[in-house]
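Colleague: I would like to go through this model with you and ask, for each label, what value and what cut-off stand behind it. Shall we start with a hairpin?

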Amino acid sequence: MKTKILQILAVVCFVTLALGTSLRASIVTPIYAVARLSYAEGPPFSGYQFGVFDLGSPTGSPGSYQYAWTSLGSASSEPLANLALNPVTSQMYVQYFFNEYRTVSTSGVVGGSSLGAMDTLFGMSFDNSGNLYGAYSTDWYTLDSSTGSTTSTAPVVNSLYSQFGGGLAYASDGNFYFASSYPSSLYRITAGGTDTPVGDFAGTNYDENGWNTLFSSGVNSYLLNENRLYQVNLSDASLSLMGTITGLPTEFSSGFSGAVGLASSPAAVPEPGTWAAAALLAGGAGFMRWRKRAKVS
């Protein structure tokens, strides 16, 4: 009888292990981004392609993961930058041609008309309450989330610069962070505009001349440097190489001008080992109760 119960426990462990793996594999963590395309000799002189990759389901091994890119919608000949997601409404917005505030759908359709005129920004981001902020050079902007227009500005101590945009992201610690270029540094910024240097970016194969785009997903923050994806340590700006974005358009050049994470981190789903351990614990407890009842009998 004891042997039979142990066999049953083994089967339960196997099933729960497989179930845990299946559930984890089914998680989709979409990261929407704008890829910059190369210059052309004539119109359109440059292009911007909206698309998505799945942060939760890479292929390969840690440090050299591959994240498959899917282009959505048609390429835009007008600049697209500073992609931002309102977490309250799940609506995405983009700065169109440097000075227009427009919606963009998960299928890559950019709104046909402007919601309002915008100041040029190097980054914009919502906080968890749906308040919109932006950064440009030596100024911190509070923006109208409906129109993108500036409601107030405050000076920052350090000069914040991005090659094109996408430098600002809101993090799980309640602060904003800006990925600056020249120098390639990370800054922490409060909602009131108080900025503090965190450190210089450093990581495997990091290119300080490449375009940086910062975004958050769940409790983690990430940096796109050209086609490389890094996880960012917000305490010292150190970078852990996760892998590369693959399948980008052949015209892809320089990097991304904005990125946002639409879903939460998959860390909330138990790992397969956790499922198996839970099954062993439950099964073992049941076996001990059976033995106790058998002895009493």
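Modeller: In the hairpin of β8 and β9 there are six residues between the strands, and Gly148 takes a positive phi near 80° there. This is a predicted model, in which local features need pLDDT of at least 70 and side-chain atom pairs count only at pLDDT 80 or more, while totals for chains, interfaces and linings use all residues. Residues are numbered from 1 along each chain as its sequence is written, and side-chain values use heavy atoms, with hydrogens and water left out.

Colleague: How do you know that β8 and β9 pair?

Modeller: Two strands pair if DSSP finds at least two bridges between them, and β8 and β9 are joined by six bridges in the antiparallel sense, so the criterion is met. One residue of this pairing is Asp139, which stands opposite Pro155 in β9.

Colleague: What makes β7 and β8 a pair?

Modeller: Four bridges link β7 to β8 (residues 132-143), again in the antiparallel sense. Among the facing residues, Ser125 stands opposite Tyr133 in β8, and Met124 stands opposite Gly134 in β8. The hairpin of β7 and β8 has five residues between the strands, and Gly130 takes a positive phi near 90° in that hairpin.

Colleague: Why are β7 and β9 said to stand at the edges?

Modeller: The open sheet has three strands in the order β7-β8-β9, with antiparallel pairing. Because β7 (123-126) and β9 (150-160) each have a single partner strand, one side of each is left without a neighbour in the sheet. Neighbouring strands here are turned by 30° against each other on average, direction ignored, the axes being lines fitted to C-alpha atoms (for helices over the stretch in contact), with angles that run from 0 to 180 degrees between N-to-C directions.

Colleague: Which are the edge strands of the sheet that holds β10 to β13?

Modeller: That open sheet runs in the order β10-β11-β12-β13 and is antiparallel, and its edge strands are β10 (168-170) and β13 (195-200), each of which pairs on one side only. The twist averages 25° from one strand to the next. Five bridges join β12 (residues 185-189) to β13, and in β13 the bridge partner of Arg188 is Thr196.

Colleague: How many helices and strands does the chain have?

Modeller: The chain has two helices and 18 strands, where helices (H or I, at least four residues) and strands (E, at least two) are DSSP runs numbered from the N terminus.

Colleague: What makes the contact of Glu100 with Arg102 a salt bridge?

Modeller: A salt bridge needs a side-chain nitrogen of Lys or Arg within 4 Å of a carboxyl oxygen of Asp or Glu. The closest N and O atoms of Glu100 and Arg102 are 2.7 Å apart, so this pair qualifies. The structure holds two salt bridges, and in the other the side chains of Glu226 and Arg228 meet at 3.0 Å, N to O.

Colleague: Why is Arg102 called buried, and why is Glu100 called partly exposed?

Modeller: Buried means under 20% relative accessible area, exposed over 50%, and partly exposed in between (1.4 Å probe, protein chains only). Arg102 has 11% and is therefore buried, whereas Glu100 has 22% and therefore counts as partly exposed. In the second bridge, Arg228 is buried at 13%, while Glu226 is partly exposed at 23%.

Colleague: Is Thr250 buried or exposed?

Modeller: Thr250 has a relative accessible area of 78%, so this residue is exposed. Thr250 is found in the loop between β17 (239-246) and β18 (252-261), and its C-alpha is 9.0 Å from that of Ser38, although the two are 212 residues apart in sequence.

Colleague: What makes a set of residues a nonpolar core?

Modeller: The members must be buried Ala, Val, Leu, Ile, Met, Phe, Trp, Tyr or Cys residues joined through side-chain atoms within 4.5 Å. The largest such core has 17 residues, of which Tyr32, Phe50, Leu80, Leu83, Met92, Val104 and Val260 touch the most other members. Two or more residues each come from β1 (30-37), β2 (48-54), β4 (80-86) and β5 (91-96), and β4 gives the most, with four. A second, separate core of 16 residues includes Phe53, Trp69, Tyr222 and Leu248.
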